[in-house]
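Good morning, colleagues. I should like to take you through the aromatic contacts in this structure and then turn to one helix.

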Amino acid sequence: VKLDNFKYWIIAAVILILIAYGPFLAQYLPGNFTSRGYNFF
Amino acid sequence: VDAGLLGIAVEVVGLLIPWSLGLIPHSDPLLSRTLFWYSGHPIVYFWLLPAYVSWYVMIPRQAGGTLFSDPLTRVVFIMFLLLSIPTGFHHQYTDPGIGGGMKALHGVLTFGVFFPSMVTAFSVMYALEIGGRRRGGKGLVNWFLKLDWKNPALVAQILAMLTFTLGGITGLINASYNLNQAIHNTAWVPGHFHMTVGSAVTMSFMGIAFWLIPYLKRQELVGRGLALTSQWLYFVGVLVMARGLISGGLDGMPRRTEMLEAPYSKPSWELAGMLTGFGGPSCSSVAPSSSPSWWERSSSGRRPTRWTSPSPTPITHRRHPAGR
């Protein structure tokens, strides 16, 4: 793996962000600015 | 940087400003907080990484040592690129509306981002040890004493890193899903970040300035003794203050609170408050004691100031002495 190949690292970073925040942010789509209640998981 | 700032930009432009103008009926606190911490945690690295760059690039040269590994250094910064953003929920462990699984995932990733910091501690210590041994240090500890303790740029950064070890350890408590419950929103938290941004970064930046400003102005640094005194004063002061905040936090003392006015104050919080009160002014006193170091003084030679012992080795693209 070429360490300086930032294209792949940036793609990996974006994927990690989508995994980490996607499920949470998806509940606000489309244009719903009210949170659900307590989420156990 | 842009990716990190995306969250707070969306929060302000998409929620707060339209809400303040009456364009949308309400905002959502949880969504706003999440977008804030999406940016809020990477912001930590906006100031930490310049200090890391100095630790990797300047410390080996100033200490007369050598960088442990060029590829490993690149791995460290790549890991920060990967893991600095998807960790924001560890600031929101007590927020309802976020599932425990998501919080746990962010907790795991937060522990992942601790790994490059551990690698940095090892690499920098390696550089310091090589430098100390080249100056005649022997044994397990003596090399540390042989470092150039008269160089304010180096001393500031060594003290910064020593403080940062405690800052990192307290950060692991913050990042732990369960232990965080004991110290959340207590004085522990400012105790932690005074040992990170309030010391590691602050002292590193002062150390960089002790070298960089005279170098750019081609003048000698005025008052090396004052510069050294300021860093030791800051080091001791911030540790005393953090000791107060940390112990108070463990005892339930809240943060962001005027404790002198709090009717629920506990007698056991008094020592924590006193330590914080003594340590804080000690840090503040650094400003008048360090700033004279940056004043101009005419230099007849007009040559850049050399603060370091001449480094016998380049600091990059050099194989490990063991041949790896």
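Tyr21(A), Phe24(A), Tyr28(A), Tyr38(B) and Phe89(B) make up one aromatic cluster. Please bear in mind that this is a predicted model. Across all chains, a search of the whole structure yields 20 aromatic pairs.

Let me begin with a pair taken from the cluster. The ring centres of Tyr21(A) and Phe89(B) are 5.2 Å apart and the planes stand at 65°, so this pair is edge-to-face; the angle required for that class is over 60 degrees. Where do the two residues lie in their chains? Tyr21(A) belongs to helix H1 of chain A, residues 6–26, while Phe89(B) sits in the loop between helix H3 (70–83) and helix H4 (100–134) of chain B, and the pair therefore joins two chains. Both Tyr21(A) and Phe89(B) are buried.

A further aromatic pair is formed by Phe36(B) and Trp37(B). This pair is edge-to-face, with 5.0 Å from centre to centre and 85° between the planes. Is Phe36(B) buried or partly exposed? Its relative accessible area is 35%, so Phe36(B) is partly exposed.

I turn now to the helix. Helix H9 of chain B, residues 197–217, has a kink of about 30°. On which residue is the kink centred? The centre is Ala209(B), and Ala209(B) is among the buried residues of H9(B). Others in that buried set include Gly207(B), Ile208(B), Phe210(B) and Pro214(B). After H9(B) comes Arg218(B), which has a positive phi, near 55°.

Thank you for your attention.

Conventions:
Residues numbered from 1 in each chain as written. Chains lettered and ligands numbered in written order. Predicted model: local features only at pLDDT ≥ 70, side-chain atom pairs only at ≥ 80, totals over all residues. Heavy atoms only, no water. Phe/Tyr/Trp six-rings, centres within 6.5 Å; stacked < 30°, edge-to-face > 60°. Helix = DSSP H or I, 4+ residues; strand = E, 2+ residues; numbered from the N terminus. Buried < 20%, exposed > 50% of the residue type's maximum accessible area, 1.4 Å probe, protein only. Bend = angle between axes of the 7 residues up to and from the residue.
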